[in-house]
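Suppose you have a protein model open beside its sequence and want to learn how its features are read. The dialogue below takes such features in turn.

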Amino acid sequence: MDGKVCLITGATGGIGLEAAKALARMGATVVLVGRDAGRTEAAVAAVKEAAPSAQVDWLRADLTSLKSVRELAQTFRSRYPRLDVLLNNAGLIIDRRQVTEDGLEATMATNHFAPFLLTNLLLDVMKATGPARIINVSSDAHAAGKLDFDDLQSERGFIGFRVYGTSKLANILFTRALAKRLEGTQVTTNALHPGVVRTGFGHNTQGFFRHLVKLGAAFMISAEKGARTSVYLASSPEVEAVSGQYFYKCRPKKPSSAARNDALAERLWQVSEQLTGVKG
């Protein structure tokens with residue numbers, strides 16, 4: 001990974017931070033994205049401790065805001081002429097419906113619309129870089145999701161885990177549609193399930209899910225293990241030409257039937273273009 005630049009969202013802890021450490025040890029320049037300056041600076045220090053000779057940078061962004069995502073892409077482009085790996089890792093689950101400044105439900109805004117927009121805004125940089133990889137962190141929770149285009153913002157009924165599952169379904173469908181658009185280029189894209197990982201994920205909820213996460217912590221894998229598939233997809237020569245797939249434990253895995261629905265993927269792409277204001 002010497003000379004390669006990796007941009008990682010959700011990098012202040014958990015899987016994102018561990019992936020950053022691993023890629024930095026391999027020689028990559030890692031650029032961490034976080035919302036809180038203090039936490040992101042602490043993450044940078046942790047990466048430098050793990051890889052003292054690594055080049056580590058950070059950029060601030062609130063992924064619930066489309067304006068902030070656009071500013072993130074612009075700032076990155078002003079600092080770096082290349083992007084070899086984009087790891088869309090940031091994820092949110094909440095138990096009460098929240099609406100962003102753009103009028104979007106916050107889970108879908110963070111987990112799907114932000115990576116959709118960010119990826120499209122950086123795509124030309126990645127195409128110009130040469131061989132480059134886009135990695136979208138999804139989840140097996142996608143099987144519990146269902147895209148209702150008549151209620152994409154969950155106004156008629158909000159169940160946190162179901163909406164989270166829908167956002168993870170969107171990650172895989174986005175990957176599938178993007179892979180088709182990248183055919184003939186040197187840019188690939190894949191999605192993954194990291195496993196059930198022991199991180200701070202879900203701790204910002206206040207209901208049943210928060211207690212479930214705490215009870216299940218002893219049975220969860222470490223963040224370091226959870227990051228392995230992300231690191232594999234970012235760095236392994238074995239997957240250099242692989243695109244449009246879903247991985248678990250560094251191996252391809254068949255996602256749900258809905259996640260393999262090309263018509264659904266194309267419709268989501270069109271709606272996502274409209275809601276984010278991007279043309280990809």
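What follows is a conversation between a learner and a teacher about a predicted model.

Q: Let me start with helix packing: how closely do the axes of H1 and H8 come, and at what angle do they cross?

A: The general idea is to look at the distance between two axes together with the angle between them. In this predicted model, the axes of helix H1 (residues 14–25) and helix H8 (residues 228–235) come within 9 Å and cross at roughly 45 degrees, and H1 and H8 are therefore oblique to each other. The crossing of H1 and H8 is right-handed. On the H1 side the contact is made by Ile-15, Ala-19, Ala-22 and Leu-23, and on the H8 side by Ser-230, Val-231, Ala-234 and Ser-235. Sorted by class, the contact of H1 with H8 contains six nonpolar and two polar residues, and no charged residues.

Q: Which residues of H1 meet H2, and which classes do the residues of that contact divide into?

A: The axes of H1 and helix H2 (residues 37–50) come within 9 Å and cross at roughly 35 degrees, and this crossing of H1 and H2 is right-handed. From H1, the residues Leu-17, Ala-20, Lys-21, Ala-24 and Arg-25 meet Ala-43, Ala-46, Val-47 and Ala-50 in H2. The contact of H1 with H2 divides into seven nonpolar, no polar and two charged residues.

Q: Turning to the interior, which members of the largest nonpolar core touch the most other members?

A: In soluble globular proteins, nonpolar side chains tend to be buried together. Here the largest nonpolar core has 51 residues, of which Leu-7, Phe-76, Leu-83 and Leu-147 touch the most other members. Two or more residues of this core are given by each of strand S1 (5–8), strand S2 (29–34), helix H3 (66–79), helix H4 (106–129), strand S5 (132–137), H5, strand S6 (187–193) and helix H9 (262–276). H4 provides the largest share of this core, 11 residues. Apart from this core lies another core, of 32 residues, with Ala-19, Ala-22, Ala-51 and Val-85 among them.

Q: What does Leu-147 touch, once residues up to four places away in sequence are not counted?

A: Leaving such residues out keeps sequence neighbours from being listed as contacts. On that basis Leu-147 touches Leu-152, Thr-166, Leu-169, Leu-173, Leu-264 and Leu-268.

Q: I would also like to understand burial for other residues: is Thr-107 buried or exposed?

A: Burial is read from the relative accessible area, and Thr-107 is buried because its value, 0%, is under 20%. Thr-107 is placed in helix H4, and leaving aside its neighbours within four places in sequence, Thr-107 is in contact with Leu-92, Ile-94, His-112, Phe-158, Val-163, Tyr-164 and Ser-167.

Q: And is Thr-188 buried or exposed?

A: Thr-188, which lies in strand S6, counts as buried at 9% relative accessibility. Apart from neighbours within four places in sequence, the contacts of Thr-188 are Ala-132, Arg-133, Ile-134, Leu-182, Glu-240, Ala-241, Val-242 and Ser-243. One of these contacts, Arg-133, has its place in strand S5 and is buried, with a relative accessible area of 11%. The C-alpha atoms of Arg-133 and Leu-83 are separated by 8.8 Å, although these residues are 50 residues apart along the chain.

Q: Where does Ala-179 lie, and which residues does Ala-179 touch?

A: Ala-179 lies in helix H5 (residues 160–181) and is buried, with a relative accessible area of 11%. Not counting residues up to four places away in sequence, Ala-179 touches Thr-189, Ser-243 and Gly-244.

Q: Finally, what is the phi of Lys-249, and why might one look at its sign?

A: Most residues other than glycine have a negative phi, so a positive value in a residue of another type deserves a look. Lys-249, which is not a glycine, has a positive phi of about 55 degrees, and Lys-249 is found in the loop between strand S7 (246–248) and strand S8 (251–252). Cys-250, also in the loop between S7 and S8, has a positive phi of about 65 degrees although it is not a glycine. As for accessibility, Lys-249 is exposed, with a relative accessible area of 60%, whereas Cys-250 is partly exposed, with a value of 25%.

Conventions:
Residues are numbered from 1 along each chain as its sequence is written. This is a predicted model: local features need pLDDT of at least 70, side-chain atom pairs count only at pLDDT 80 or more; totals for chains, interfaces and linings use all residues. Side-chain values use heavy atoms; hydrogens and water are left out. Helices (H or I, at least four residues) and strands (E, at least two) are DSSP runs, numbered from the N terminus. Buried means under 20% relative accessible area, exposed over 50%, partly exposed in between (1.4 Å probe, protein chains only). Contact means heavy atoms within 4.5 Å. Axes are lines fitted to C-alpha atoms, for helices over the stretch in contact, and angles run from 0 to 180 degrees between N-to-C directions. Angles under 35 degrees count as roughly parallel, over 145 as roughly antiparallel, 65 to 115 as roughly perpendicular and the rest as oblique. A crossing is left-handed if the near helix is turned anticlockwise from the far one by less than a right angle, and right-handed if clockwise. Ala, Val, Leu, Ile, Met, Phe, Trp, Tyr, Cys and Pro count as nonpolar, Asp, Glu, Lys and Arg as charged, and the others, Gly among them, as polar. A nonpolar core is a set of buried Ala, Val, Leu, Ile, Met, Phe, Trp, Tyr and Cys residues joined through side-chain atoms within 4.5 Å.
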